[in-house]
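Biologist: Could you take me through one helix of this protein in some detail? I'd love to hear how its two sides are placed and what surrounds it.

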Amino acid sequence: MNDIFSQDITSNFTSNLRADSSLVNEPRQVYNSFYSYVYTKTPFNPELIHHAEEFIKELGVEIQDIDYFTQVMSGAKPIEGFKSFSMCYGGHQFGSWAGQLGDGRAINIAEFDINNKNWSFQLKGAGPTPYSRTADGLAVLRSSVREYLCSEAMHYLGVPTTRALSLVKTGDAVTRDVLYDGHPEDEDGAIVCRVAPSFIRFGNFEIFSIRKDYDNLKKLLDYTITQHYSHLGVPSKETYIEFFREVVVKTKEMIIHWQRVGFVHGVMNTDNMSILGLTIDYGPYGWLEDYDPSWTPNTTDSYQKRYRYESQGNVGLWNLIQLAKSIYPLIEDAAPLQKILNDYEKEYASDYHKMICSKLGLYRVEDVSENFIKELKMNLVNSEIDMTIFFRELCSISSDDFDKFYEGVLKSSYKDEDDKSSWQKFYTKYSELITNENDNKREEKMKLVNPKYVLRNYMAHLATQDLKKGNSNTLNELYTLLLNPYDEQPELEKWYEKRPAWAKTKVGCSMLSCSS
Ligand code: AMP
Ligand code: MG
């Protein structure tokens, strides 16, 4: 097998699109260019904490020199033949245009052709760039553990996502004020290498459009279509519209997956929306535990709750509208774009319905009323039931056993007799629906869409706590666990538990700040 670094370097992005002519690595506005060349910072004492063996196998390569791998993944050594760079993009943050953002702490260190697929490799936390604004370009261990584990967990859950290849500690101290309350502390610096066919975001288009730089906007769109949507043919107004349609569909599918597994992204700004419909930028994300549709893990959003679980589909649409506005000057015809956006709304509703029915093991979706789903959700909210455990336990319930359902699925979550009678009502209808389905593969099928294991925030927190003591057992165990989230894995069943009481109010376990 070939070494990961002996692959053909492609440099498609940099050879097709214009570089910033300045090499000054200081925060500044960058015009008329798509990226800036920048070197990674030399780490003090790099240490490889983990690498994603399974992903490396999937790529069909191997690591032949682990020391060299560590050097590259920590930014200590460049990949020969590749000039590292950071991308220029803008974005709408929490509904307002935020101007130029860009890769403030992401540096692309390679673009390889690996077994006929193009992959970009990017280090997150490897030092400042012209896009770092007032921040340091670095990342800390706790947020890097979260991004590393979650990228891979999402992939094995079947959710489109950027991947993670490695996690290193840099040996440098990084200062963070986690609660933004004037108590900064030194933390371990860390770097994740993330990998994707492309890291282009909605914001890459927005920045040119808002600056009325339509020439470069067109270059970016033509490049994106040629490289990543080549099946659409030679770029033209028609292909731009088809391109938009595909981005809309991919984005919708991604968000429906999020809803299925209970993932809340937390910062759905347009700079965090991938043009390939991949989940990108794992910051203050979280997993729905007690079923609360109005929950967001992000403390910065705790008042407005713009990015709460139940809003993700709508926010996806809002973000797609921004993308449509950005590319409109190249199309100059609003009707087809509007039609695609209208379709998103309709299709989102019906895909969502199908998805929630599949979680219930129901495939005659037209027999399942909106009201039935609404009542189920109300019961889940009222009884404060853990989403993952509820749906997983439901897989093994038979149609005529309310007691088993009541004791087994709801456990001690129900509160009073009113609650019980609401559940009884739901169950009577549910029994009828599953009897009608008459599906002897129901349990098996349900277990393919209802994961047993997700990365609850306290789990990544425990992995970080152990790493701080020099122990990587928890990280290793979680990595292994999350490779097969739909399997029973009885030896690791301790992770199939509601968040422990201590974690409910602990910083980094329930709510998260953007500090990372
Ligand atoms: P996020 O909300 O994490 O996607 O970040 C929004 C913007 O802030 C992006 O342009 C990031 O690159 C930038 N950013 C976040 N943290 C840092 C940091 N520590 N240093 C430099 N830029 C950062
Ligand atoms: Mg971001």
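Modeller: Happily! In this predicted model, the buried residues of helix α13 are Asp419, Trp423, Phe426, Tyr427, Tyr430, Ser431, Leu433, Ile434 and Glu437; buried means under 20% relative accessible area, exposed over 50%, and partly exposed in between, with a 1.4 Å probe and protein chains only. Viewed down the axis of α13, these buried residues fall within an arc of 170°, so they line one face of the helix; the arc is taken from the directions from the helix axis to the C-beta atoms. On the other side of α13, Glu417, Asp418 and Lys425 are exposed.

The helix covers residues 417-437, 21 in number, and reaches 30 Å from its first C-alpha to its last, close to the expected 30 Å, where the expected span is 1.5 Å times one less than the number of residues. Helices are DSSP runs (H or I, at least four residues), numbered from the N terminus. After α13 comes Asn438, with a positive phi near 50°.

As for neighbours, the buried residues of α13 pack against α10 (370-383), α11 (387-394), α12 (402-409) and α14 (442-449), contact meaning heavy atoms within 4.5 Å. Phe405 touches residues including Trp423, Phe426 and Tyr427, leaving aside residues up to four places away in sequence.

A word on the ground rules: residues are numbered from 1 along each chain as its sequence is written, with chains lettered from A and ligands numbered from 1 in the order written. Local features need pLDDT of at least 70 and side-chain atom pairs 80 or more, while totals for chains, interfaces and linings use all residues, and side-chain values use heavy atoms, without hydrogens or water.

How values were computed: Helix = DSSP H or I, 4+ residues; strand = E, 2+ residues; numbered from the N terminus.
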